[in-house]
Each structure stands twice: as structure tokens, then as C-alpha cells.
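Here are my comments on the model you sent, set out as numbered points so that each can be checked against the coordinates.

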Amino acid sequence: MTDQWIDVCAVGDINEEDVIRFDHGPHTYAVYRSANSEFFATAGLCTHESIHLADGLVMEHVIECPKHNGRFDYRSGKALGAPVCVNLKTYEVRVEAGRVLLAITV
Amino acid sequence: MSPANAPLVIVGAGHAGGRAALTLRDEGYSGRLILIGDEFHPPYERPPLSKGLLQGTVDLAGYSLCNSARLAELGIEHLAGNPVKGLDPQRHRLQLADGSWLHYARLLLATGGCSRKLACVPEHLRNVLYLRSHDEALALRASLRPDTRLVIIGGGFIGLEVAATARALGCTVTLLEAGPRLAGRVLPERLSSVLLELHRSQGVDVRLNVAIEAVQGTTHVESVQLADGQLLPCDLVVVGIGMQPNTELAMAAGLEVGQGIRVDAQLRTSAPDIFAAGDVCEFRLHPQGGFQRQETWRNAETQGRHAALNLLGGELPFEIIPGFWSDQYDWGLQTVGVIANTEPTASRTTPGGGFLLFYLDAEQRLQGACGWGRGNSVAKDIKLCERLIASHNPLSVEALADAEVSLKQLLRN
């Protein structure tokens, strides 16, 4: 089991305080850019009913699921209350030469 | 009066009742807690019944609030299949179907509703299905085959979502609506027309302003006879003509009942220590407003939770910005707030062929909004509209109509 850095997109491909969906192999991720241009990544599907989080709204450090308003702190993956109770898995992200890279374990 | 150590009891183990039970435990209530329901399943959310479950992409576990093991672990006594047959508010007790009496300290009525039945269907006719429960959805799923000729009666959300799912499964679908447009009771005209266009483009034979004369067959349904004389041969009929709130228990006990069980701002019924929540609950959205019921996921979720807080003595007024969604084919609609029965004040198009409609009051404050787009693409904007409604800030019609102006920017102005 080693971490592998995967190229996600250019820094400018994600708006500030927003999120994109990133699919890699059978997996889907949500990659976030905060208002002050820090990058984060979580599992792409809501832990409540497997909805793609990238269609949800990012406000400050919270992603809100597009369907049932389940909310998570995307920095820690922490579920912030009903209807979500299971935290999101988070992944390491780094920026290199203007590219956003995501650490996945292979 | 009830014994001091009587349990908290919830009648109705659907979404609202289940959420209330879980919230009571979350909030630290450790006394006896009894959740009574007709169905044997643990509490579940209903939206997937007409979509993912029929398609076979999700199962009950995927939309249950929790499983039976979790209920047991939390000490929530789930009484299934032993329906309540009487309520005696004076003595704080319920009578169960087996005749036994159960005392309560406080009671939540979350009895939901049942499908409205179509009067002209002979009782014995098989293959005339309704969709409200998980078991009904399973029965429907088993009947939807690629060669099925399906007639759907009712152009509301159940009918439309079943039509979309059935088309995806290869069925031949005719949809009959009594009114002049689809989902006309709750949607603005523009959404009704894009739904009509979408379903027709997907091969659904949608007929509006239709009156049904009879549903015919010997053992199984064979045809639907329209008032204009047309005969529609079919193998399966799905009826989706709304729900009827289960108010009988409350009414027989002398509680105040309108179109649902009436509650005050704290979700208290007219009887002491009895609350109501969910589809069956008739409440005022604003202190001066009329009574209304809401048959939505959002209402079940928030009212169930809120009722639990007040069962514990919270005395909190219930407030909600209403909202609902519907998914059909690869399109979705969402609404938030109150959609006036008038032309929208402003509208804008969104990338990918969608749009947003905005409803402002006389002071230019947003009251409601709805949107249409591929997948869940409309969700971000609708969530921002929810925050704009809550902010009560006056908004510029020009800015709302300008697709280049982000709603997030308007929120922060």
C-alpha cells in the first residue's frame, strides 16, 4: 500500500470556495478549493445516500449535499449533523507547478 | 393521568416518526421509547421508492434511517404490525390492536398517509398498483418488464417519476392527467411544460385533461376506458393521484383535525402532551398564514426532529423554508420557499439548458425559487436561494435575471 499522486486539474479549474468532481478508475472524489485557495479532497459520494457531493454548495469550509442538505466540514470530513452521521474519508492534496495533485493509496 | 414513568410513544414509524425517535436518543433522552408502525421495516425515506428502488440501483438498507440492530442498540422499542386502534387523551393511553393499553407520558402522531384510491377500480382487479410503501414499490418493480404496457393515472410526481423509470426499463408508457398540465398543484407553468416536453421526447404518451370512465379486466387489468370513448389496452395500471392523511385515530380521539392533524407553532395538537409531525401534520407556515400540510422529505426530516425537541420540553416554534425536488430521466427540478401562483418576478437560464425562476414580494425580497437542470446541477443555486430567502434582503430583479451575476455574490452584497 503506497500513496500515489494523481493529477486532478489545473489550479484555475476550481473556483475559489467551490468543488469539482474527480473520477479515477472506479473511484469518485470531491476536490475543493477554499476561499483562500487551499485545496482539499474527500470521498465523492455523500455518506447518507451516495449522492455526488460536487453538485452541492460550498460555503466557507462546509460542503452541503445537493439532495438532503447533509453537511460536512470538507477539511476533516466530519459530518455536521442529521441526516448525515458518517464522516467522509479525506485525501491529501498538494499543488505542484500549478497542478492539483491527489494522494490515493494503491 | 399517566404514570410518572410512562414512556414517550411515537405512532408512525416512517421518516418523521423515525427521525423523531433517533433525535430523542441523540438529545440524551434515556427513558423508555416506543415506536409503533404498520410496516415491519425500520423507518425509511420514501423518495427512492419511485426511482432507485424500481431501477434496482438501491435497496432498503440504502435509504433506511437506521437498521433494526441500531434501533435495538438505542433501546427504541419498535412495535410493528400491531397497529393502534384507539387513543384516550384524557388518560394518556393508547389501545393496541391486541386490545392492550399502553400509557404514554408524551405522544407524537406521525401517522403519515395512504394512497388515494381510484373509485372506478373493481376491488378484485390485479395489476392495479399504488406506490407509497417499500413493499408496494417491490411489487411494482416485479411488474415492470420491457414488454409491459403501462398506464399511469395521475401526472403528479409519483406518476411522472414512475413513468421515467418505466421508460428506462423499456416499458410502453401512457400517462393520464385530469388537469390541464403536469404537477399543476405545486409547480409553475414553465416547469410543467418542460416536464411535458421531456416525457414526450422520451416516448411517454402523455394525455392531459383526461377523464377516466372505467378500469376494466376480468382477473387482471386489461384496459382503461376514457370518457371520450377511447380504450387503452394495458397490462399494468399505476395510480398516483395523491395521498390521504391518516387522521382517523386523532379524529376519533377528538383532536382538532382539518386537512391533517392541527398543531400550534410548537407542533402541539389540541390535546395535552400530544404532538404531530410529517405528512399528517397540518401547521401554519407563518403565524398569520393558513393551515397547510407538506408531503415532502424535507418536512418529514425537520418536523420529526423538531417534534422530538419539543417532546423533551423544548417549546421551540417550528420554522421551515419549504422545499422539494424531483428527478426524472437525467433531469432534476428543485424548489425552495413559497412558489407564488403568479408569473415569476425574474428568471435566468443556466448552463446546459436549465433555468431558475425567482419569486419576490412587494419589497423585492425573495420568497421562493425553483430551478430545472441536468442531474443535480440546479442544487447549488437553489441552496443559495434558500439563504437569500432567509436573509430577507431586497434584491435587484436585473441582477437575478443576469446569468453572469452569481447568487453567492448577491448573498454577500
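1. Which residue stands opposite B:Leu360 in S26(B)? In this predicted model, the residue facing B:Leu360 from S26(B) is B:Leu366. The two belong to a pairing between strand S25 of chain B, residues 354-360, and S26(B), which runs in the antiparallel sense and is held over six bridges. S25(B) and S26(B) form a hairpin with five residues between them, and in the turn B:Gln364 has a positive phi of about 65°.

2. Strand S26 of chain B, which covers residues 366-374, deserves attention in its own right, since seven of its nine residues are buried and the strand is mostly covered. Besides its pairing with S25(B), S26(B) pairs with S23(B), again in the antiparallel sense, over seven bridges.

3. B:Trp331 is a useful residue from which to look at this region, and its place is in strand S23 of chain B, residues 331-337. Its bridge partner in S26(B) is B:Arg374, and, when residues up to four places away in sequence are not counted, B:Trp331 touches B:Leu198, B:Trp372 and B:Arg374. Is B:Trp331 buried or exposed? It counts as buried, because 20 C-beta neighbours lie inside 10 Å, and 20 is the number at which the buried class begins. B:Trp331 also lies 5.0 Å from B:Gly375, C-alpha to C-alpha, although the two are 44 residues apart in sequence.

4. Turning to chain B as a whole, its secondary structure comes to twelve helices and 26 strands. The radius of gyration of chain B is 22 Å, close to the 22 Å that the globule rule gives for 413 residues, so the chain is as compact as a globular protein of that length. Its C-alpha atoms fill a box of roughly 65 × 60 × 35 Å along the principal axes, and 44% of the 413 residues count as buried. Of the contacts in chain B with a separation of 6 or more, 61% are between residues 24 or more positions apart.

5. The largest nonpolar core has 91 residues, and those that touch the most other members are A:Val31, B:Ile152, B:Val237, B:Val238 and B:Ala369. Helix H6 of chain B, residues 157-168, gives the most to this core, with seven residues. Apart from this core lies another, of 46 residues, which includes B:Leu24, B:Leu94, B:Leu107 and B:Leu249. For B:Val237, leaving aside neighbours within four places in sequence, the contacts are B:Asn127, B:Val128, B:Val151, B:Ile153, B:Val215, B:Val221 and B:Val224.

6. How many residues does each chain bring to the contact? Chain A gives eleven residues and chain B gives 13 residues. On the side of chain A that touches chain B, five residues are nonpolar, two are polar and four are charged.

7. Chain A also holds an open sheet of four strands, in the order S5-S6-S7-S8, with antiparallel pairing. Strand S5 (57-59) and strand S8 (78-79) of chain A are at the edges, each with a single partner strand, so one side of each is left without a neighbour in the sheet. At the S8(A) end, strand S7 of chain A, residues 71-73, pairs with S8(A) in the antiparallel sense over two bridges, and A:Phe72 stands opposite A:Ala79 in S8(A).

Note on methods
Residues are numbered from 1 along each chain as its sequence is written. Chains are lettered from A and ligands numbered from 1 in the order in which they are written. This is a predicted model: local features need pLDDT of at least 70, side-chain atom pairs count only at pLDDT 80 or more; totals for chains, interfaces and linings use all residues. Two residues are in contact if their C-beta atoms, placed from the backbone, lie within 7 Å. Ala, Val, Leu, Ile, Met, Phe, Trp, Tyr, Cys and Pro count as nonpolar, Asp, Glu, Lys and Arg as charged, and the others, Gly among them, as polar. A nonpolar core is a set of buried Ala, Val, Leu, Ile, Met, Phe, Trp, Tyr and Cys residues joined through C-beta atoms within 7 Å. A residue is buried if 20 or more other C-beta atoms lie within 10 Å of its own, exposed if 12 or fewer, and partly exposed in between; C-beta atoms are placed from the backbone. The radius of gyration is taken over C-alpha atoms; the globule rule is 2.2 Å times the number of residues to the power 0.38. Two strands pair if DSSP finds at least two bridges between them.
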